[in-house]
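Thanks for coming, everyone. I'd like to walk through one chain today, so please bring up the sequence and the model.

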Amino acid sequence: MQAMWLYGFELSVMKDKYGEYRSITGHEGTGCCWWCGGKFPDKRPRRFCCEECRNKYQETYYWFWAVPVALQRAGHKCEECGTRGALEVHHIEPLNNEPRVCNILNRSENLIVLCRACHGKRHRKDSWEKAEAKGQAILGLYK
Ligand SMILES: [Zn+2]
Ligand SMILES: [Zn+2]
């Protein structure tokens with residue numbers, strides 16, 4: 001079993017009959033509901049105690065479910081300039097090389113809905129700040 005740490009969370013890659021998973025809430029792989037940590041109603045192998053917990057977990061950590069939730073929260077508008085149209089969902093704390101599919105970084109407070117223009121600006125600003133933090137910012141290279 002590989003284990004690594006990301007922002008204080010241990011990311012161990014584990015496996016069950018439904019596929020590979022990582023520990024996010026700490027309930028994964030414990031034989032309890034992944035979302036609420038509650039007991040399962042019977043011995044049947046499962047990940048969640050009820051449909052509500054499944055939905056909550058998926059909407060919080062799965063990119064595929066988190067995106068429509070973020071768009072709805074934003075009212076299908078860019079959260080920076082209010083534009084409607086081609087919208088993209090941006091990770092405030094970047095994923096770097098972490099897998100996107102299921103990740104603690106997909107939780108809604110780490111997502112912001114941006115139009116293409118604002119998204120591009122945001123990434124240029126982020127790379128400038130990163131470069132600056134590393135002492136690599138060269139005047140005129142990043143705007
Ligand atoms: Zn539950
Ligand atoms: Zn915008």
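How many helices and how many strands are there in the chain? The count is 3 helices and 5 strands. Read from the N terminus, the order is β-β-β-α-α-β-β-α. Keep in mind that this is a predicted model.

Confidence comes next. The mean pLDDT of the chain is 84. A score of at least 70 is reached by 83% of the residues. Which elements have the lowest and the highest mean pLDDT? The lowest is strand E1, residues 3–6, at 52. The highest is helix H1, residues 51–61, at 96. Then look at the end of the chain. Over residues 137–143, pLDDT stays under 50. The model has 9 contacts for that stretch beyond four places in sequence.

Two numbers for the chain overall. Of its 143 residues, 15% are buried. Take the contacts with a separation of 6 or more: 40% of them join residues 24 or more positions apart.

Now the strands. Go to E5, residues 111–115. How many of its residues are buried? The figure is 5 of 5, so by the 20-neighbour cut-off E5 is mostly covered. In general, side chains in a regular strand alternate between the two faces of the sheet. Here both faces are covered. On one side sit Leu111, Val113 and Cys115, all buried. On the other side sit Ile112 and Leu114, buried as well.

Which way do E4 and E5 run relative to each other, parallel or antiparallel? They run antiparallel. Strand E4 covers residues 87–91, and 5 bridges join E4 to E5. For one pair to click on, take valine 89: its bridge partner in E5 is valine 113. That is the Val113 we just saw buried on one side of E5.

On to the helices. Two packed helices are described by the angle between their axes and the distance between the axes. At what angle do H1 and H2 pack? The angle is about 80 degrees, and the axes are 5 Å apart. H2 is residues 63–73. With that angle, H1 is roughly perpendicular to H2. From H1, the contact takes in Gln58, Glu59 and Thr60. They meet Trp65, Ala66 and Val69 in H2. By class, the contact has 3 nonpolar residues, 2 polar and 1 charged.

Stay in H2 for tryptophan 63. Tryptophan 63 has 19 C-beta neighbours inside 10 Å, so it counts as partly exposed. Buried would take 20 or more. What does tryptophan 63 touch, leaving out residues up to four places away in sequence? It touches Arg100, Val101 and Asn106. Arginine 107 is another residue to look at from here. Tryptophan 63 and arginine 107 are 44 residues apart in sequence, yet their C-alpha atoms are 8.7 Å apart in space.

That leads to the loop between E4 and E5. Leucine 105 lies in it. Is leucine 105 buried or exposed? It has 21 C-beta neighbours inside 10 Å, so it counts as buried. Beyond four places in sequence, leucine 105 is in contact with His91, Glu93, Leu95, Glu98 and Asn110. Take glutamate 93 from that list. It is 12 residues from leucine 105 along the chain, and the C-alpha atoms are separated by 7.0 Å.

Asparagine 96 is in the loop between E4 and E5 too. Its surroundings count differently: with 8 C-beta neighbours inside 10 Å, asparagine 96 is exposed. Now the backbone. Most residues other than glycine have a negative phi. Asparagine 96 is not a glycine, but its phi is positive, about 50 degrees. Histidine 76 has a positive phi as well, about 55 degrees, and is not a glycine either. Where is histidine 76? It sits in the loop between H2 and E4. It has 12 C-beta neighbours inside 10 Å, so histidine 76 counts as exposed.

One last stop, proline 45. It belongs to the loop between E3, residues 19–22, and H1. Proline 45 has 9 C-beta neighbours inside 10 Å and therefore counts as exposed. Tyrosine 18 is 27 residues away from proline 45 in sequence, with 9.6 Å between their C-alpha atoms.

That's my tour. Over to you.

Technical notes. Residues are numbered from 1 along each chain as its sequence is written. Chains are lettered from A and ligands numbered from 1 in the order in which they are written. Helices (H or I, at least four residues) and strands (E, at least two) are DSSP runs, numbered from the N terminus. Two residues are in contact if their C-beta atoms, placed from the backbone, lie within 7 Å. Two strands pair if DSSP finds at least two bridges between them. pLDDT is the predictor's confidence in each residue, from 0 to 100. Axes are lines fitted to C-alpha atoms, for helices over the stretch in contact, and angles run from 0 to 180 degrees between N-to-C directions. Angles under 35 degrees count as roughly parallel, over 145 as roughly antiparallel, 65 to 115 as roughly perpendicular and the rest as oblique. Ala, Val, Leu, Ile, Met, Phe, Trp, Tyr, Cys and Pro count as nonpolar, Asp, Glu, Lys and Arg as charged, and the others, Gly among them, as polar.
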